[in-house]
Amino acid sequence: MSALKRGVEAALLIGLALVLIAIPVLGVRLAIIPAIDHLFNLDQAQQSFIRRLFMIFAFVGGYWIFVHFTENRQVSELSFQPVTIGISGILGATAIAVPMVGLYVSGLLSVSGFGSSSAWAMIALVIFAAALLEEILFRALLFRIVFEKFGFWIALILPSLLFSVLHLFNDHWAGWYGIVSGVLLGVMWSLVYVLTQNVWAAAANHALWNFTIFASGLPLTGQADWRTAAPVQSDYEGADLWTGGASGPEESIVVIVWVFGIVVALIWLCLKRNLHLKKDIRVDD
């Protein structure tokens, strides 16, 4: 099969998936949430919680519909595996905590106080919902389809480039090293998905990485609005190149080098297990 034909097939599959995911999402946004609000007269916080919870169901449901009816298989990547999910989440938090601790110890970051806001629980839900959405779109959908059509290496790069480019619209874009950071993070979470073969595990890794940054009181990919609600209040003392500055620690050269090392280690694991040769990374066979 020619590369052009495979590309067209991949594009059609991705387009169909986006349509099937959009249908339940629009149903939740335009019908279910307004109906619930009308019936129960929810306050703003309750509305926000219900909206995000139902949006999670909508995205997962839309992806399940796509896989179940177009690929005619069990959607094993959505199976609930508590141990795998928990370990992946802990490793995600640890992966960003280690270089951040180094930045604190070196004096490039400093703790200025501690917060008392109770809003962090809602923010945690927002972070998880966003991470799950990105993992469904970029890993379970884009990465998986490109992997099956073009192989491991192209699938690592193309969706990760798109993942990085879309983050260029975040506040306080960090320039070229922001692009490098975005690509490396996209590759890292793609590799987590390959190794765990589980969307929830990849989302937990992604979400706890992001939550660790939020909890420190530092900007999360340029998002500074949440900093006052963080349990810890932090400031960046050194040059932006080292701390990430207003873009957040993900754009720190220290974190970028650290993530590059993680990516190399994860690629080694994939190669050792021959996962790069398995065109179909599903686990239901």
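Start by selecting residues 120-150, helix H4, together with residues 199-215, helix H7: in this predicted model the two helices pack at an angle of about 135°, with their axes 8 Å apart. That angle makes H4 oblique to H7, because it falls outside the ranges counted as roughly parallel, antiparallel or perpendicular. Turn the view until one helix lies in front of the other, and you are looking at a right-handed crossing of H4 and H7.

Next, show the side chains where the two helices touch. On the H4 side, pick out residues including Trp120, Ile123, Ile127, Phe128, Glu134, Glu135 and Arg139. Facing them from H7 are, among others, Val199, Trp200, His206, Asn210, Phe211 and Phe214. Colour this contact by residue class and you will find 16 nonpolar, two polar and three charged residues.

Now leave this helix pair and move on to an open space in the model. The second largest pocket has a volume of about 350 Å³. To find its centre, select Leu91, Val192, Leu195, Asn205 and Leu266, the closest to that point of the 16 lining residues.

Which helices each supply at least two residues of this lining? Select H3 (82-105), H6 (176-196) and H9 (253-272) to see them. Linger on H3, as the largest share of the lining, six residues, comes from this helix.

For a last stop, colour the pocket lining by class as well. Here there are 11 nonpolar and five polar residues, and no charged ones.

How values were computed. Residues are numbered from 1 along each chain as its sequence is written. This is a predicted model: local features need pLDDT of at least 70, side-chain atom pairs count only at pLDDT 80 or more; totals for chains, interfaces and linings use all residues. Side-chain values use heavy atoms; hydrogens and water are left out. Axes are lines fitted to C-alpha atoms, for helices over the stretch in contact, and angles run from 0 to 180 degrees between N-to-C directions. Helices (H or I, at least four residues) and strands (E, at least two) are DSSP runs, numbered from the N terminus. Angles under 35 degrees count as roughly parallel, over 145 as roughly antiparallel, 65 to 115 as roughly perpendicular and the rest as oblique. A crossing is left-handed if the near helix is turned anticlockwise from the far one by less than a right angle, and right-handed if clockwise. Contact means heavy atoms within 4.5 Å. Ala, Val, Leu, Ile, Met, Phe, Trp, Tyr, Cys and Pro count as nonpolar, Asp, Glu, Lys and Arg as charged, and the others, Gly among them, as polar. On a 1 Å grid over the protein atoms alone, a cavity is a set of points where a 1.4 Å probe fits but cannot get out, and a pocket is an open set with protein on both sides within 12 Å along at least five of seven lines; lining residues have an atom within 4 Å of a point. Grid points are joined across faces, edges and corners, and a volume is the space filled by probe spheres set on the points.
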